[in-house]
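Visitor: I would like a close look at a single part of this model, together with what surrounds it. Please take your time and spell out the criteria as you go.

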Amino acid sequence: MVTEQVLRAVVTGASSGIGAATVRRLRAEGWEVVAVARRADRLADLARQTGAVARPADVTSDEDVAALVAEVVDGGPVHAVVNNAGGALGTDPVASGSLADWRQMYELNVLGTLRVTQGFLPALRASGRGDVLVLTSTAAHGTYPGGGGYVAAKHAERQIAATLRLELVGEPVRVIEIAPGMVHTEEFSLTRFRGDRAAADAVYAGVDQPLVADDVADAIVWALTRPHHVNIDSMVVRPRAQASNTTVARRA
């Protein structure tokens, strides 16, 4: 009798939005999931709802990530890491952009992804069918006014995936990039605009059906569940109403 292998994933930024939706979809596919984020209360709720394992950690902390990796690896094989933690701060032009905001975006989007990927890579190699999935953005493929800091961070994050794929060629580890365009989640724009609800809502005003978190989670899980010899190098996912970072159809 052949026993089907139980696959196990780590999802960062799992307390809301795309991360939480990804945890739900992976659990529905039968995966064991370790849900990682800073907000322990939200993780606990998600764990109760889905059966995932909640593990609070801050991906910008060397100590937190080291402890996370040790605990997760001690619990069994790791087959996928979904680097979803990230975010944008502000919309200032390059000429007056906040160095503190740029530094924080780089720390979270780039170095956070690097820490987590480096930490879990030995376990992914040892699993014999590992996946490193990096959630970037269409900001990693093009720029737009007022997006310089976020664009710079996401371009750098994308190059982690692109370079790692070259470095791991021939090994049993896939490297996947999913790059969403306009996604209406409860927190992304609200965080970017520092809690200004009117400014956050204006981003999506008049747009016919922007993506939602579950649309992106669907793409993530689809890529992870392809036969393991099939690598989805890079997938850009936008709503039909968005043709580029700066060209969006809006109702009058």
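Guide: What follows is a walk around strand β6, from the sheet to the helix that lies across it, and then on to some side-chain contacts. The model is predicted, so to speak of local features a pLDDT of at least 70 is needed, side-chain atom pairs count only at pLDDT 80 or more, and totals for chains, interfaces and linings use all residues. Residues are numbered from 1 along each chain as its sequence is written, and side-chain values use heavy atoms, with hydrogens and water left out.

Helices (H or I, at least four residues) and strands (E, at least two) are DSSP runs numbered from the N terminus, and two strands are said to pair if DSSP finds at least two bridges between them. By these criteria, seven strands make up an open sheet with parallel pairing, in the order β3-β2-β1-β4-β5-β6-β7. Because β3 (53–56) and β7 (234–237) are at the edges and have a single partner strand each, one side of each is left without a neighbour in the sheet. On average, and with direction ignored, neighbouring strands of this sheet are turned by 15 degrees against each other, where axes are lines fitted to C-alpha atoms (for helices over the stretch in contact) and angles run from 0 to 180 degrees between N-to-C directions.

Strand β6 covers residues 173–180 and is joined to β7, in parallel, by four bridges. Among the pairs between these two strands, Glu 177 has Ser 234 of β7 as its bridge partner, and Pro 180 has Val 237. With β5, strand β6 pairs in the parallel sense over six bridges, and one of the pairs is Val 132 with Val 175 of β6.

Is β6 covered on one face or on both faces? Taking buried to mean under 20% relative accessible area, exposed to mean over 50% and partly exposed to mean in between (1.4 Å probe, protein chains only), eight of the eight residues of β6 are buried. In a regular strand the side chains alternate between the two faces of the sheet. In β6, Val 173, Val 175, Glu 177 and Ala 179 are buried on one side, and Arg 174, Ile 176, Ile 178 and Pro 180 are buried on the other, so that both faces are covered.

Helix α5 (residues 148–167) lies across β4 (80–83), β5 (130–135) and β6, and runs at about 155 degrees to β6. Together, β5, α5 and β6 make up a right-handed β-α-β unit, right-handed here meaning that, with the strands pointing away from the viewer, the path from the first strand over the helix to the second runs clockwise.

Within α5, Glu 157 and Lys 154 form a salt bridge whose closest N and O atoms are 2.7 Å apart, the criterion being a side-chain nitrogen of Lys or Arg within 4 Å of a carboxyl oxygen of Asp or Glu. Because Glu 157 and Lys 154 are three residues apart in helix α5, about one helical turn separates them, and both Glu 157 and Lys 154 are buried.

Lys 154 also leads to Asn 109, a residue of helix α4 (residues 99–127), which counts as buried at 0% relative accessibility. If contact is taken as heavy atoms within 4.5 Å, Asn 109 touches Gly 86, Gly 87, Tyr 150, Ala 153, Lys 154 and Glu 157, leaving aside its neighbours within four places in sequence. Its side chain makes a polar contact of 3.1 Å with the side chain of Lys 154, and it reaches the backbone oxygen of Gly 87 at 2.9 Å. A polar contact is a pair of N or O atoms within 3.5 Å, of which, within protein, one must be able to donate a hydrogen and the other to accept it, while residues adjacent in sequence count only if both atoms are side-chain atoms.

Beyond the strand itself, the loop between β6 and α6 also takes part in a salt bridge, since Arg 42 and Glu 187 are joined with their closest N and O atoms 3.1 Å apart. Arg 42 belongs to helix α2 (residues 40–50) and Glu 187 to the loop between β6 and α6 (188–192), so the pair ties together parts that are 145 residues apart in sequence. Arg 42 counts as partly exposed, at 34% relative accessibility. In the whole structure, a search finds 18 salt bridges.
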